[in-house]
Amino acid sequence: MFVKRTVNKYKFIANILLNFVINNQSHMIQPFDDIYFMKKALQEAETAFDKGEVPVGAVVVFKDQIIARAHNLTETLNDVTAHAEMQAFTAAADFLGGKYLKNCVLYVTLEPCQMCAGASYWTQIGKIVYGASEPERDFVNLKTTLHPKTKYVAGILENECSQLLKRFFAEKRNLN
Ligand SMILES: [Zn+2]
């Protein structure tokens, strides 16, 4: 009786361990998912943070490869149009040698504004994935039309993306 119970207990533990290994393996087999690329966009946002720029980062992905990395540069360039997405579109088109980004995915840590959503229309980008929602200048509520071929996904690493922005504005308030 005791032996049987002990064996069952070990079987139970072995099953938990096996499930753990299987779950993590499937994670290892698919490294190029939305979270993976959003983490890369977040790294760009952190670079912006360190420069005193509003921390928004973006990457453009083509066939599972990052072809452009960019972050907000509005202060550095003294240019209100220098949002991360605008930089990323220009860099991606330059890399591909063509202005359309049809089979590309834009990962950006903050929901695109009207300007960037408008620019994305002209790129005909395949998909936009964003992290934090932008409550004021967001393209969804302001009904900016994306290209009919552009899909979008919201809320990937939303918490990490918005925390970085909140930290930036909190630190800025303390300096003033
Ligand atoms: Zn923008």
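**Exercise 1. Where does H83 lie, and what surrounds it?**

Where does H83 lie? Is H83 buried or exposed? Which residues is H83 in contact with, leaving aside neighbours within four places in sequence?

*Solution.* Start with the ground rules. This is a predicted model, in which local features need pLDDT of at least 70, side-chain atom pairs count only at pLDDT 80 or more, and totals for chains, interfaces and linings use all residues. Residues are numbered from 1 along each chain as its sequence is written.

Step 1: place the residue. H83 sits in the loop between β2 and α3. Helices (H or I, at least four residues) and strands (E, at least two) are DSSP runs, numbered from the N terminus.

Step 2: count neighbours. H83 has 25 other C-beta atoms within 10 Å, so H83 is buried. The cut-offs are 20 or more other C-beta atoms within 10 Å for buried, 12 or fewer for exposed, and partly exposed in between, with C-beta atoms placed from the backbone.

Step 3: list the partners. Leaving aside neighbours within four places in sequence, H83 touches V56, N72, T74, C113, M115 and C116. Contact means C-beta atoms, placed from the backbone, within 7 Å.

Step 4: add a distance. H83 and L73 are 10 residues apart along the chain, and their C-alpha atoms are separated by 6.3 Å.

**Exercise 2. Describe the chain as a whole.**

How many helices and strands are there in the chain? What percentage of its residues is buried?

*Solution.* Step 1: count elements. The chain has five helices and five strands. Read from the N terminus, they run α-α-β-β-α-β-α-β-β-α.

Step 2: look at burial. Of the 176 residues, 32% are buried.

Step 3: look at contacts. Take those between residues at least 6 apart in sequence; 57% of them join residues at least 24 apart.

**Exercise 3. Follow helix α3.**

Which residues of α3 are buried? What covers them?

*Solution.* Step 1: check the length. α3 has 13 residues, which should span 18 Å at 1.5 Å a residue; its end C-alpha atoms are 18 Å apart, so the two agree. The expected span is 1.5 Å times one less than the number of residues.

Step 2: list the buried residues. They are A84, E85, M86, Q87, A88, F89 and A92. Their cover includes α2, β1, β2, β3 (104-110) and α4.

Step 3: look at the end. Just after α3, G97 takes a positive phi of about 75 degrees.

**Exercise 4. Describe two helix packings.**

At what angle do α3 and α4 pack? At what angle do the axes of α2 and α5 cross?

*Solution.* Step 1: take α3 (residues 84-96) and α4. Their axes are 9 Å apart, at an angle of about 15 degrees. That makes α3 roughly parallel to α4. Axes are lines fitted to C-alpha atoms, for helices over the stretch in contact, and angles run from 0 to 180 degrees between N-to-C directions. Under 35 degrees is roughly parallel, over 145 roughly antiparallel, 65 to 115 roughly perpendicular, and the rest oblique.

Step 2: name the residues. E85, M86 and F89 of α3 meet C116, A119, S120 and T123 of α4. By class, this contact of α3 with α4 has four nonpolar, two polar and one charged residues. Ala, Val, Leu, Ile, Met, Phe, Trp, Tyr, Cys and Pro count as nonpolar, Asp, Glu, Lys and Arg as charged, and the others, Gly among them, as polar.

Step 3: take α2 (residues 34-50) and α5 (residues 158-175). Their axes come within 11 Å and cross at roughly 5 degrees. That makes α2 roughly parallel to α5. L42, A45, E46 and F49 of α2 meet E160, C161, L164 and F168 of α5. By class, the contact of α2 with α5 has six nonpolar, no polar and two charged residues.

**Exercise 5. Sort four residues by burial.**

Are A117, K63, Q124 and T145 buried, partly exposed or exposed?

*Solution.* Step 1: A117, in helix α4. A117 has 24 C-beta neighbours inside 10 Å, so it counts as buried. Beyond four places in sequence, A117 is in contact with P112, F139, T144 and L146. A117 and L146 are 29 residues apart in sequence, yet 6.3 Å apart in space, C-alpha to C-alpha.

Step 2: K63, in the loop between β1 (57-62) and β2 (65-71). K63 has 8 C-beta neighbours inside 10 Å, so it counts as exposed. K63 has a positive phi of about 50 degrees, although it is not a glycine.

Step 3: Q124, in the loop between α4 (114-123) and β4 (127-132). Q124 has 17 other C-beta atoms within 10 Å, so it is partly exposed. Q124 is not a glycine, but has a positive phi of about 55 degrees.

Step 4: T145, in the loop between β4 and β5 (151-153). T145 has 10 C-beta neighbours inside 10 Å, so it counts as exposed.

Conventions: Two residues are in contact if their C-beta atoms, placed from the backbone, lie within 7 Å.
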